[in-house]
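This report describes the fold of one protein chain, from its overall dimensions to individual residues. The sequence and the model are shown first.

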Amino acid sequence: MAKKKEKGKGSKDSKRAGILNTQSLQFLETYINNAAPTGFETPGQQLWLDYIRPYVDTYMVDTYGSVVGVINPDAPYKVVVEAHADEIAWFVHYITGDGFIYLRRNGGSDHMIAPSKRVNIHTPKGIVKGVFGWPAIHTRTAEKEETPSMKNIFLEVGATSKDEVEKMGIHVGCVVTFDDEFAILNDRYYMGRALDNRVGGFMIAEVARLIKENKDKIPFGVYFTNSVQEEIGLRGAEMIAHRIKPDVAIVTDVCHDTQTPMMSKVVNGDLACGKGPVLSYGPAVQNNLLKHIIEVADKNKISIQRQAASRSTGTDTDAFAYSNAGVASALISLPLRYMHTTVEMVHKEDVENVILLIYHSLKAIKNNQDWRYIK
Ligand SMILES: [Zn+2]
């Protein structure tokens, strides 16, 4: 789908020449179509590593599956460019005697969107197809409609007993993902399941590609980090931050576009797909690093949007900031519509501008740059 429409150029309303090529878009599609549930990210991490490998000097992996592509591994000053690799999913939790399956969340999966969705159940015997069943409209009591909740949504795999379900390879603890595929809407939006935040993994890999292709000489170590387990509390980033011990971390994740129906700008701010990368203000964000990124955006004519984080950013930025003895960290977010649904949407132009903003911000960092407020 993506390949046919995409010619390696930006959308027609894009003011810049496209920086993504056919190969990168092919990778994006493959990467998004592959499931990477929290705690079970390895096949996706392998895809990501295979893609980034030609653009870095070496790589490292940790015990729980975070993967890091490294440029200049011997340099003492270390800059992390990070995204998270995992996507929300479900766990098989309880199989009834007559072969229905109840679930637990793995991350913030949305019960409201579940009924009538198709799913992939990841079993030791491979993928087993299933569906979220739901009683027909004709059979429900109109005055007392039940809304989907964790207590009533269930899967069906076409089996009539627990025994039959188990023979299909399904057991308590199997992970379940929605069955949905990457697409492009109106040549303007990438759309799919779990662009949150695998589009981030894609973007940081593209930064590595640009550095390699432009033959940029970077004097410090760059650690392209694709962390696992963000969706359940920034756990992968917590682990890898201690392993890398970076001096700086530039983190990218998605944030909410607030232009669609039923979204409150009072609650969520005024952010729009197509208007550029979003920079966060908040205690975890190091202000001198943030200033650096804003100056870079200005210089390179990349329009930015701003959001304020209360207490924490809720992204891996917090994990890096508060790791070790405190790491200068900042967050560059990509606005996204319909987060944690199967139809997440991001603007093509924003994707390119986030890549460019990370790329130029990284290049403008000086070796051993000291970010402290008072020297
Ligand atoms: Zn998420």
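Two strands are taken to pair if DSSP finds at least two bridges between them. In this predicted model, strand S7 (residues 126-132) and strand S8 (residues 155-156) pair in the antiparallel sense over two bridges. Within that pairing, Val 131 stands opposite Glu 156 in S8.

**The barrel**

The pairing of S7 with S8 belongs to a closed barrel of six strands, which runs S4-S5-S8-S7-S6-S9 with antiparallel pairing. Strands of a sheet pair through backbone hydrogen bonds, either parallel or antiparallel. Three of the pairings in the barrel are listed below.

| Strand pair | Sense | Bridges | Opposed residues |
|---|---|---|---|
| S4 (residues 89-95) and S5 (residues 100-106) | antiparallel | six bridges | Ile 95 and Ile 101 |
| S5 and S8 | antiparallel | two bridges | Ile 101 and Leu 155 |
| S7 (residues 126-132) and S8 (residues 155-156) | antiparallel | two bridges | Val 131 and Glu 156 |

Ile 101 thus appears in two of these rows: this residue of S5 stands opposite Ile 95 of S4 and also opposite Leu 155 in S8. S4 and S5 form a hairpin with four residues between the strands, and there Gly 99 takes a positive phi near 90°.

**Overall architecture**

The protein as a whole contains ten helices and 17 strands. Its radius of gyration is 21 Å, close to the 21 Å that the globule rule gives for 375 residues, so the protein is as compact as a globular protein of that length. The C-alpha trace spans about 65 × 45 × 40 Å along its principal axes. Of the 375 residues, 47% are buried. Among contacts with a separation of 6 or more, 75% are between residues 24 or more positions apart.

**Helices H2 and H5**

Helix H2 (residues 22-33) has twelve residues, which at 1.5 Å a residue should span 16 Å; the end C-alpha atoms are 17 Å apart, in agreement with that value. The buried residues of H2 are Leu 25, Phe 27, Leu 28, Glu 29, Tyr 31 and Ile 32. An α-helix has 3.6 residues a turn, so residues three or four places apart point the same way.

Helix H5 (residues 195-213) includes Leu 210. This residue has 19 C-beta neighbours inside 10 Å and therefore counts as partly exposed, since a buried residue needs 20 or more. Apart from its neighbours within four places in sequence, Leu 210 is in contact with Ile 19 and Tyr 359. The C-alpha atoms of Leu 210 and Ile 355 are separated by 9.2 Å, although the two residues are 145 apart along the chain. H5 also contains Asn 197, and the peptide bond from Asp 196 to Asn 197 is cis, with omega near 0°.

**Positive phi values in two loops**

Where do positive phi values occur in a residue other than glycine? One case is Met 262, with phi near 75°. Met 262 lies in the loop between strand S13 (248-256) and helix H7 (265-268), and counts as exposed because it has 4 C-beta neighbours inside 10 Å. Another case is Lys 301, whose phi is near 55°. Lys 301 is found in the loop between helix H8 (287-299) and strand S15 (305-308). With 10 C-beta neighbours inside 10 Å, Lys 301 counts as exposed.

Note on methods: Residues are numbered from 1 along each chain as its sequence is written. This is a predicted model: local features need pLDDT of at least 70, side-chain atom pairs count only at pLDDT 80 or more; totals for chains, interfaces and linings use all residues. The radius of gyration is taken over C-alpha atoms; the globule rule is 2.2 Å times the number of residues to the power 0.38. A residue is buried if 20 or more other C-beta atoms lie within 10 Å of its own, exposed if 12 or fewer, and partly exposed in between; C-beta atoms are placed from the backbone. Two residues are in contact if their C-beta atoms, placed from the backbone, lie within 7 Å. The expected span of a helix is 1.5 Å times one less than its number of residues.
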